[in-house]
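Student: Before I take this structure to the bench, I would like to go through it with you, one question at a time.

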Amino acid sequence: MTDSSRAWCAALLCSLGLLPALALGDVNVSGSAYVDYLGTRSPSARASSLSGITPELALKVEVDATEHLSFSAKACLGCHGVSPERFHAEWTPKPWINAQAGRIVVPFGDFSMRYDPSGHATASKPLIYEMGRMLYFRSDQFNLGVVPTPYVDNGVLLYGQAWLKDSVQVWYGGYAVGGFKGENDLDWSSLYQAYFNDNNAEPSGGARVVATYSASSDSALLKDLSLGASFMYGHYNRAANRSYLAAGLDLSSRVGPLTLRAEGALRRTDIDASLPGYRYEIVDPWIETAGFYGEIQHPVTEWLVVSYRFDGLRRQGVPLPGSDARLSAVSTILRYTQGVQVNIASGLFAKLGYEYWLLSDFPTAHVFHLGAGGAF
Amino acid sequence: MTGPLHTKVLVAALVAAALGGCEGPRVGAQSDGGAIDPGSLATVSRLQDDIFTPKCASVSCHAASANSLAPMSLEPGESYRNLVGVPSTQVPSLRRVEPGDPARSYLMLKLRGAASGVGGAPSRMPLGKPSLTEEELQNLESWIHRGAPND
């Protein structure tokens, strides 16, 4: 039996376990579909990106078995083929303590809650959260962003929320999950290959806390100001002796009709200095991927939303053996994104995007996105 | 970056400023003009014994058997002629092994799970089995970098 078959069998068995809950509880079915075209005239960028058409389909089933117990399952079709993306039980006895167990979305950063194409107005993700749809994303180049999103993993999340006075809500959560995988730097493809089991015996862990201030008056200029911090740590290789650490800060607010967002994140990843083939002498045996984004979202009309984003990503450290010869020890990207989302009808939208990429080690590129999708 | 040097410096400076000038890992001098260290000296005979035979040429995969699901055999005596200089089935513009160029060898893209980036199938090899270790991957790359000799 292949690993993929095992994963689907496990999902099927868990689904059978849902049947009693289905009989007793409320069932919610939702889904989304999105197709995006990424185009660029740069031959170098085209050769190092997932240019062309990429579909993303998702179907989610949520069952409220009791007042405090629910189950959720989500299957996706995208770059990784068909996969059971999420599958967890959720227990919500009190506002201040809740639990999810199974295959969960790991909460890192504000964008982890908005990664679905229907959840953000731009056609692309911020570089720090990009997974595959960025230029020079390959494992021998930038090897993706800081925490490629969605980051789903097997584990347990404990979370809750509390109110400070009447205007400040605090969300907090801590988790233990299988963690990232790889042998010398992270290997994203192995995270999404069934059977999804951990490659070492050590769980990885992290936490996130967000404080949100909500203005009491509808006429206040500054509404819903949120400030969050995220952290994760673990060992990613089979011997569990090479660690990674990621940390991030995020800020969002509504100012009048505008939504402002900014995030910064950093990941430090140990590397194996004993291997041959490095193009530089190793002084510190780790690499650092760090970046930021600042974004303004402006609803021009009821059906037209315009976004402006400026983001950057930096990979610092020795290029790994076999890396793209153009990659240097400090490789950076600066990108300006102009996006437009047209809400065609309820649940239906189209996205247009233009991106100007300024890279330190690769040719400058102009990238265009054209996408359409919907959610129900 | 194909632009002027000052643009390259500006990009790096802006990103560094945005990141608060976070100190990253220190890196020493460049070594060997960028070449992969040939000291690993993996030979195709050694790669056959260590990788192709035990991890690839099983009955249902890259074997010469009529029941094999894969399009090419990696059994002893057949792997070299099926790999070196041969256009890949999934992305014919790339050879399975491009002598001297591991980054453009489709074999390495499949083993590293990066084939989807060049239009190939995303499935990583070996299919349904643990991935090759980084040391094994670099031995293959080192052999390819030396010109993929039939040694």
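What follows is a set of questions and answers on a predicted model.

Student: Which residues of the lining are the closest to the centre of the second largest pocket, and what is its volume?
Tutor: The lining of this pocket counts 43 residues, and those closest to the centre are A:Val105, A:Ser112, A:Met113, A:Arg114 and A:Tyr115. As for the volume of the second largest pocket, the computed value is about 1000 Å³.

Student: How do the residues of that lining divide into nonpolar, polar and charged, and which element gives the most to it?
Tutor: By residue type, the lining of the second largest pocket has 13 nonpolar, 16 polar and 14 charged residues. The element that gives the most to this lining, with five residues, covers residues 52-64 of chain A and is strand β2.

Student: Which residues line the second largest cavity, and what is the volume of that cavity?
Tutor: A search of the whole structure finds three cavities of 30 Å³ or more. The lining of the second largest one draws on chain A with A:Arg138, A:Ser139, A:Asp140 and A:Gly322, and on chain B with B:Pro102, B:Ala103, B:Met108, B:Leu109, B:Arg112, B:Ala114 and B:Glu141. Those residues divide into five nonpolar, two polar and four charged, and the volume of the second largest cavity is about 80 Å³.

Student: Why does the aromatic pair of A:Tyr136 and A:Phe362 tie together parts of chain A, and how many residues apart are they in sequence?
Tutor: Over all chains the structure holds 10 aromatic pairs, and in this one the rings are stacked, with 4.0 Å centre to centre and 15 degrees between the planes. Both A:Tyr136 and A:Phe362 are buried, and together with A:Phe142 they form one aromatic cluster. Because A:Tyr136 lies in the loop between β5 (97-105) and β6 (152-164) and A:Phe362 in the loop between β16 (348-359) and β17 (365-375), the parts that the pair ties together are apart in sequence by 226 residues.

Student: Is the aromatic pair of A:Tyr354 and A:Phe368 stacked or tilted?
Tutor: The centres of these two rings are 5.6 Å apart and their planes make an angle of 50 degrees, which makes the pair tilted. The pair links strand β16 of chain A, where A:Tyr354 is found, with strand β17, where A:Phe368 is found, 14 residues apart. A:Tyr354 has a relative accessible area of 27% and is partly exposed, and A:Phe368, with 43%, is likewise partly exposed. The value asked for, then, is tilted.

Student: Over which rings do the charged ends of A:Arg268 and A:Lys351 sit?
Tutor: The charged end of A:Arg268 lies 3.9 Å from the centre of the ring over which it sits, that of A:Trp286. For A:Lys351 the distance to the ring centre is 5.2 Å, and the ring is that of A:Tyr34.

Student: How many disulfides does the structure hold, and are A:Cys76 and B:Cys56 buried or exposed?
Tutor: Over all chains the count of disulfides is zero. The relative accessible area of A:Cys76 is 13% and that of B:Cys56 is 12%. As under 20% is the cut-off, A:Cys76 is buried, and B:Cys56 also counts as buried.

Student: Which residues do the cis peptide bonds at A:Pro150 and B:Pro126 join them to?
Tutor: A:Pro150 is found in the loop between β5 and β6 of chain A, and B:Pro126 lies in the loop between α4 (106-111) and α5 (134-145) of chain B. Omega is about 10 degrees for the bond that joins A:Pro150 to A:Thr149, and about -5 degrees for the bond that joins B:Pro126 to B:Met125.

Student: What is the phi of A:Leu144, and what is the phi of A:Asp185?
Tutor: A:Leu144 is in the loop between β5 and β6 of chain A and counts as buried at 5% relative accessibility. A:Asp185, in the loop between β7 (168-177) and α3 (188-191) of chain A, is buried with a relative accessible area of 5%. Neither is a glycine, yet phi is positive in each: about 70 degrees for A:Leu144 and, for A:Asp185, about 80 degrees.

How values were computed. Residues are numbered from 1 along each chain as its sequence is written. Chains are lettered from A and ligands numbered from 1 in the order in which they are written. This is a predicted model: local features need pLDDT of at least 70, side-chain atom pairs count only at pLDDT 80 or more; totals for chains, interfaces and linings use all residues. Side-chain values use heavy atoms; hydrogens and water are left out. On a 1 Å grid over the protein atoms alone, a cavity is a set of points where a 1.4 Å probe fits but cannot get out, and a pocket is an open set with protein on both sides within 12 Å along at least five of seven lines; lining residues have an atom within 4 Å of a point. Grid points are joined across faces, edges and corners, and a volume is the space filled by probe spheres set on the points. Helices (H or I, at least four residues) and strands (E, at least two) are DSSP runs, numbered from the N terminus. Ala, Val, Leu, Ile, Met, Phe, Trp, Tyr, Cys and Pro count as nonpolar, Asp, Glu, Lys and Arg as charged, and the others, Gly among them, as polar. Rings of Phe, Tyr and Trp (its six-membered ring) pair if their centres lie within 6.5 Å; planes under 30 degrees apart count as stacked, over 60 as edge-to-face and the rest as tilted. Buried means under 20% relative accessible area, exposed over 50%, partly exposed in between (1.4 Å probe, protein chains only). A charge sits over a ring if NZ of Lys or CZ of Arg is within 6 Å of the ring centre and within 35 degrees of the ring normal. A disulfide is a pair of cysteine sulfur atoms within 2.5 Å.
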